[in-house]
Amino acid sequence: MEPDTLQHSEESPLVSDECRSEFTNAPRRGQVQKPSCRARTSPVSQCQRSHVDAPFEVSKSKLEDVERDQITPPDKSGDHLQEPSKVSVESGSSRRPYYLQNFLIILEAVLENKDDMMLFNEDDLSSVHGFKQLSVPGQMLYVRLFQRKLKWLQVSKLDYSEIGSDLRPVVQELVCGGFLQTESEIKDVQEVLDLLPAPELRSLAKTFHLGGPGNSTQKQQLVEGLLRLAKQRSLFALAPAQNGTGAVILKRAKQLAGSCVRLSRGPRAVFSRVLLLFSLTDTLEEEEMAAGGQGQLYTILLVNSGRLAFPAYTVQRSAQVFRDRDDLIRYEAAMRTLQEVITAMQAGSWEDALVLYSTAKATWQDLKQTCDWSCHEALPVFLRCFTVGWTYTRVLSRGVEILQRLRRYEDAVEELRSLLSQTVFCPDSRGRWWDRLALNLHQHLKQYEQAICAIRDGLMDPLVRTGHRLSLHQRAARMKESVSFKKYRLLLRNLPSLHVQDVTHVTIRGQLFPHEGGMGKSVFLRPATGDEGSEEGDNAMVICSVEELALAHYRKLGFDQGIHGEGSTFSTLFGLLMWDIIFMEGVYDVFRTPYQTCPLDFHTDSFYGNRQEAIEARAELLREASTETLQELLAEVWNSQEGRVCALVNWERFSSLQQAQSLVACLGGHFLSGVVIRMAKDYRHSRGGLPDLVVWSTSTNSYKLVEVKGPNDRLSQKQQLWLEELQKLGADVE
């Protein structure tokens, strides 16, 4: 298959001349620079939600400001995301709000791609064509309603002043086009009761002698009372399907509600799948599943208004993720199931979560028997995460936690063994699965021999990395030291060994500040410095965290610079020193949309494998580089890319380019080269565990890397491994 290649570069005609002139000027600190172009193709996402956490947040008030700026911009060829003659907004209406423009852009971007076009049948395309035939107000209202949760809405309460003061004709147009249902199709009593405000509910309830005196009865109580009454069989019902009371409640509630509408499920499902394809790189584990693409439309709005810029790279598509329409529909259903399971777990509804998990497991078992999944298994791992099998595997992995919460440890062990019997889906979770299997067998089921075998198999699994590997080893070490495991000494002796070198421990004493409840992170008091105590006199004290207490301690030792950044300090340096390699051309399918903050393979072994020569050459360059060269490398990327959203780089981590340069001067090329190689080879498992603090002296060019622990805290396995590795690279670690 010929790859679909689109250049994401400054020369693209997707940016207006006015915008391009702004783009060429380097942004000031804190500004967001405008991206050079938009490659219109369907995106793909990272496999885990944590991989693509959005690196930007904008408040609701700012969104409203942007909406006011963008609500009715004149139609110009360069004002929105398009290539000439490709994405068009009809010239018949010269003023369209951003959300409609961007919705049309998304439709065209997906449906012009031949692979994505195959995923829609004639009925689907008919819905899209019907939408395009609507009047502009009709399109605007549909998109507005599409962005809301799917539920019945009272027409009298629809208020979109930019569309019109009287929306009834627009509503009627959508009804006639098959895009809206009317109240005549409401059959569920609860749906119409949920529409009614409390006063009307009380009026309805009084008709049936429900509710207490006055306005004391809560809305939910009224709804529950009416629902109970509706379910009661009438003595005069002629057939089981007839319920006179329920029918009367439904009729009267609909009269009170007045004219109501809801999006028709058919067309809505089509547009939902279009948005899914367009924003596959975005997580669906939030309300986005039901929010009609607000996130996608908002991202395009921010980009087009110059408030958000993505890195420049080439979009190159080769692999086909979904083989047909049914495959896409199954994936969408699997993602919704995963979201339902997560929602139930977050609410603590473990029994409900168990039902959802069990149903999903049965569905996946049926699909495995009836479908050929070889094409999914052949995909690279960074695309395989967008398959039905991967998604259901995530559901089953969540199921382990559900079973453990319900103390069904034998079932949890069975599920873990099933998950570990395959290596196709979610291989990055194998360490967690082995660790949990060993724990359940050891502590909960007391099946010690099986627990030791699980530890052995986990330690021999090449996909078990860093912290989980050390955790398994430490469990075995505790067993060896226990008297009750004497009979298993031979088994334990044959386990692979793993030794971690300890680092220097320093004790810093501080005054604990007693806080309410005595729980949570420790809070300390320290003497005020500089302007902190100007109003309180020389004896002023300030409340601080344990990390801030440690920073104050090292300042006294002559380290005038210090950052509490944990892993973000090093990930930012990694991103700056490796920027061109991270976003390099020639690696297919890692960039499938112009709205990515890192390549799709970044959290997999493929990242290093696909760029090994370039990464090793850069590591060698860093190893031999002088201080001046290191600072120049940093400055070149900082000055050309500052403000662009990158998953690795926190532009606020350093107060200035000069502070970042002073740190790399202290760290040196040999140390930075070692950190870069480790992160590049396995960022997924090495992004956590880096020291809390980096402190350095600009006068002596000395530095320390410090992991801070408060009272009763202890090092995690990943922290132990990183501290050892950093010490081996020559760092002064405490």
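Start in the loop between α26 (579-582) and α27 (606-610) and select aspartate 589, which lies there. This is a predicted model, and in it the phi of Asp589 is near 75°, a positive value in a residue that isn't glycine. For context, most residues other than glycine have a negative phi. Is Asp589 buried or exposed? Its relative accessibility is 5%, under the 20% cut-off, so aspartate 589 counts as buried.

Next, pick asparagine 701, in the loop between β10 (693-697) and β11 (702-706). Asn701 also isn't a glycine, and its phi is positive, at about 60°. Asparagine 701 is partly exposed, with a relative accessible area of 41%.

For one more positive phi, go to arginine 407, just after α18, where the value is about 60°. While you're there, colour helix α18 itself, residues 388-405. How far apart should the ends of α18 be at 1.5 Å a residue? Its 18 residues should span 26 Å, and the end C-alpha atoms are indeed 26 Å apart. Of those 18 residues, 15 are buried, so α18 is largely enclosed by the rest of the structure.

**The small sheet and its helix**

Now show strands β6, β7 and β8. They make an open sheet of 3 strands in the order β6-β7-β8, with antiparallel pairing. The edges are β6 (511-512) and β8 (541-545), each of which pairs on one side only. Zoom in on β7 (residues 523-527): 5 bridges join it to β8, and the two run antiparallel. If you'd like one bridge to look at, take valine 523, whose partner in β8 is serine 545.

Add helix α24 (residues 546-556), which lies across β7 and β8 and runs at about 115° to β8. Inside α24, select glutamate 547. Which residues does Glu547 touch, not counting those up to four places away in sequence? The list is Lys521, His564, Asp692, Leu693 and Val708. With 5% relative accessibility, glutamate 547 counts as buried.

**Into the core**

Time for the inside. In soluble globular proteins, nonpolar side chains tend to be buried together. Here the largest nonpolar core has 174 residues, and the ones with the most contacts inside it are Phe131, Leu141, Phe271, Phe574, Phe671, Leu705 and Leu726. Helix α3 (residues 98-111) gives this core its largest share, 10 residues.

Take leucine 705 and show its surroundings. Leaving aside neighbours within four places in sequence, Leu705 is in contact with Phe570, Phe671, Pro691, Leu693, Val694, Leu726, Ala731, Asp732, Val733 and Glu734.

Phe671, one of those contacts, leads you to helix α31, where it is one of the buried residues. Helix α31 (residues 669-681) has 13 residues and reaches 18 Å from first C-alpha to last, close to the 18 Å expected. Why call α31 largely enclosed by the rest of the structure? Because 11 of its 13 residues are buried. Besides Phe671, the buried set includes Gly669, Ser673 and Arg678.

**A separate core**

Apart from the largest core lies another one of 22 residues, among them Trp152, Leu196, Leu227 and Leu229. Leu227 and Leu229 are among the buried residues of helix α10, along with Leu222, Val223, Gly225, Leu226 and Ala230. Show α8 (189-195), α9 (198-207) and α11 (244-257) too, since the buried residues of α10 pack against them. Helix α10 (residues 219-231) has 13 residues that should span 18 Å, and its end C-alpha atoms are 19 Å apart, which agrees.

**Zoom out and colour by confidence**

Finally, look at the whole chain: 33 helices and 11 strands, with 52% of its 734 residues buried. Of the contacts with a separation of 6 or more, 72% are between residues 24 or more positions apart.

Switch to pLDDT colouring. The chain averages 82, and 81% of the residues score at least 70. Where is confidence lowest, and where highest? The low is helix α1 (residues 17-23), at a mean of 33, and the high is helix α19 (residues 409-420), at 98. Residues 1-63 have a pLDDT below 50, and beyond near neighbours in sequence this stretch has 190 contacts in the model. Last stop: residues 284-290, also below 50, with 24 such contacts.

Terms used
Residues numbered from 1 in each chain as written. Predicted model: local features only at pLDDT ≥ 70, side-chain atom pairs only at ≥ 80, totals over all residues. Heavy atoms only, no water. Core = buried A, V, L, I, M, F, W, Y, C linked by side-chain atoms within 4.5 Å. Buried < 20%, exposed > 50% of the residue type's maximum accessible area, 1.4 Å probe, protein only. Helix = DSSP H or I, 4+ residues; strand = E, 2+ residues; numbered from the N terminus. Contact = heavy atoms within 4.5 Å. Expected span 1.5 Å × (residues − 1). Pairing = 2+ DSSP bridges. Axes fitted to C-alpha atoms, helices over the stretch in contact; angles between N-to-C directions. pLDDT = per-residue confidence, 0-100.
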